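Visitor: I am new to this structure and should like to learn how to read it. Where should one begin?

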Amino acid sequence: MSAQSSSSTDVADAGRVPRAGKRDVWLVFWIVPAFYTAFGVIFFALARVMPPPRPDVTTDQMVHFFHAHALTIKIGFGILVLIVGGAGIANGIVAYHMKRMTVGSVMAYCYLGAMSVGALPGCLLVAFCFLTAVYRPGRDPQLLALLYDLGLLSYVGSLGCFATAYFAFAVAILYDKNEIFPKWLAYVSIWQIVTEIMAVPVFVSKAGPFAWNGSIAFWLGVVVFGFWLSCVIVFLMKATERQPVDEPPLD
Amino acid sequence: MANAEQTAADLDAAAASSVSSAARQRTLHTPGDGHMWVMVLGDLIIFGAYFIIFMVHRAMKPQEFLASEVHLNINIGVLNTLVLLASSWFIARSVQAARADDHAQARRLTYLGGLCGVAFILIKAYEWSTKIDQGYTISTNEFFMFYYMLTGVHLFHVSLGLLILSITLRELRNPRRCRLFMVEAGATYWHMVDLLWIVIFALLYVMR
Amino acid sequence: MQILAEAEDLPKTANIKTQLVSLWTAPVFGVVLLIAFLAFPGFFPPMSPDMTAEQVAKFYSDHTALIRFSMITFNLCGIMLLPFFIVIVIQMKRMATQSHVFAYCYLTAAVSGATLFALADIFYLVAAFRPDRNPELVMLLNDMAWMIFIAPVGAFVAMNLLLGAAVYFDDGPSPVFPRWVGHYAIATALAMAPAAGAAVFATGPLAWNGVVSFWLRNAAFALFVVVMFFVLRNVLHRQAVDEGVAT
């Protein structure tokens, strides 16, 4: 091929926005927003944990809650049990892009590890507490109340595992010279740690802004998490896009 | 004597850097870096939400909140406010010194600012321990839950600020290059921490 | 360690720095967790499995504040020990004369062990949440809390056996760890392994309040973190010097 024609091809290429990225990473990427959309539908509409039912209710009211929502809890959490691998995939691709940073792998493994820890007490325990609660009609109300408390306290109150993950994420971004993610995303992750701290009183308070359904301990946390997650998904896409197709596999 | 030497040294330094700082001043720049401003503005929004929620709950139970507020030691609150204001003054002057390329002075001032930050934490710890001794814990009532949580998360920000100031110090100690935007970003964060405290002080201690 | 000025911006410097950050989370949060451990009213002496349901319920209603303070601290700060163990993973990957299989096994074991640790404090906190709960149910939650805190040693046993094996296999000219670390890891695994008996025995040294299951297990773990902190500090320094990052 003559030099002239290849340079004209280069010019044409430079004009087009390069849609790079590796196809396997793209495949994994698209699972992330798909999973979290399903997750949102399950947690908001079906499983009735977002928003969570109130802590300041009587045992009878807890029994009534499970009775009234048994069907959607079964559908919602039943599906979650099937698709929760998506959470692992989401954590995996973040860890993958973190490994492409200049900081080496320690923070990537921390993130991967801490988020994996969080999957049990922070997500699946409430699923199985609620599924068990609605499994048999006519269970002793006191047992239902225990499952209610255990499920919701673990769901809203699993704090440190995620705080550690956000810490690893923030440190990695701040030290990274490859600019895989923007620096301000590290600060958004620090806000996430703040919301974990503000959720500490859920183990104490039964009503008001610091209860597990409270405006500060729960709702503000959801808002900040929603913002953080949206940013992460957007920047995962950008990071995947900007990855050169011929980048060698990571160590 | 020492003053005269210092003034002379300052003038020399100023003369030497007058070209560079004049050149810098000609290009207006936002102090710090955009990323830190995202942090500051976002943090202010989040805390703003906490403050609004506090006001709403205060309006729902004005008697209880007023009766509880009386038990806070306003003198300690004022002391904390003065300490943090002093630290902000030191940090602001350290940025000026850094801009004038007087890194030694900037370091000294950053140390002083950090020392005030440590003092703030110690005073706050003392205040908490006296309150707990008097029987006012996080589960006493809603006001005290706000008190401990707002001052607690603020304390977390102060600790983070001390970490950031130590990074600023390392930057100022680096002979090869001292990135001004890092010093400014650290100062921006520190001023935010001070601002947050002033609002917390006003809401929890002063508002009647 | 003095990072060289020329090496400031190199990727391998950031690698060392983030490992240092991870390493230092251990003493910082270790002190916090120690305070939480000392504050928990049920550790000195450790609560007996023999307590009746009424005694357990009374314990939770008498000491609610301290139980909550202690366990919330464990909740918030416990997993901050994970970065420390990840540094060990990274160092295992640096061992020249082996594949990385031990390192990845260590990583998954660490995660599974941390998961159970994250779960235990939740049970204590739920037990303390409603003082008017049926004492039988409070005892059920207390049983699960203790069992999940003390008995799950399998992950840590596996981690230490893997570390020991990795150190023994690392017999090239420049091993990452000194050889005694391998012996020490195996010894720690052996010291902690019997605590699995807490899941089964309700009396004696293997019960969750026993000398072996409570004191030996926790002391061995704490000592491991302390000892390995100093070991890893030296290892990181040597890595930095070898890679031309520091003096």
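Guide: One begins with confidence, as this is a predicted model. Among the elements of chain B, helix H5 (residues 103-133) has the highest mean pLDDT, 95, and helix H1 (residues 2-26) the lowest, 50. For chain B as a whole the mean pLDDT is 87, with 87% of its residues at 70 or more.

Visitor: How should a stretch of low pLDDT be read?

Guide: Where pLDDT is low, the predicted coordinates should not be read in detail. In chain B, residues 15-20 have a pLDDT below 50, and this stretch has 3 contacts in the model beyond near neighbours in sequence. Residues 22-26 of chain B also stay under 50, and the model has 0 contacts for them beyond four places in sequence.

Visitor: Which helices and strands does chain A have?

Guide: Chain A contains 10 helices and 0 strands. Its C-alpha trace spans about 85 × 35 × 30 Å along the principal axes. Of the 251 residues of chain A, 47% count as buried. Among the contacts in chain A with a separation of 6 or more, 77% join residues 24 or more positions apart.

Visitor: How many residues does each chain bring to the contact between chain C and chain A?

Guide: Chain C brings 37 residues and chain A brings 35. On the side of chain C that touches chain A, helices H1 (11-39), H3 (64-77), H4 (82-93) and H5 (101-127) of chain C each supply at least two residues. H5(C) gives the most, with 10 residues.

Visitor: What is the character of the residues on that side of chain C?

Guide: The side of chain C that touches chain A comprises 25 nonpolar, 8 polar and 4 charged residues.

Technical notes:
Residues are numbered from 1 along each chain as its sequence is written. Chains are lettered from A and ligands numbered from 1 in the order in which they are written. This is a predicted model: local features need pLDDT of at least 70, side-chain atom pairs count only at pLDDT 80 or more; totals for chains, interfaces and linings use all residues. Two residues are in contact if their C-beta atoms, placed from the backbone, lie within 7 Å. Helices (H or I, at least four residues) and strands (E, at least two) are DSSP runs, numbered from the N terminus. Ala, Val, Leu, Ile, Met, Phe, Trp, Tyr, Cys and Pro count as nonpolar, Asp, Glu, Lys and Arg as charged, and the others, Gly among them, as polar. pLDDT is the predictor's confidence in each residue, from 0 to 100. A residue is buried if 20 or more other C-beta atoms lie within 10 Å of its own, exposed if 12 or fewer, and partly exposed in between; C-beta atoms are placed from the backbone.
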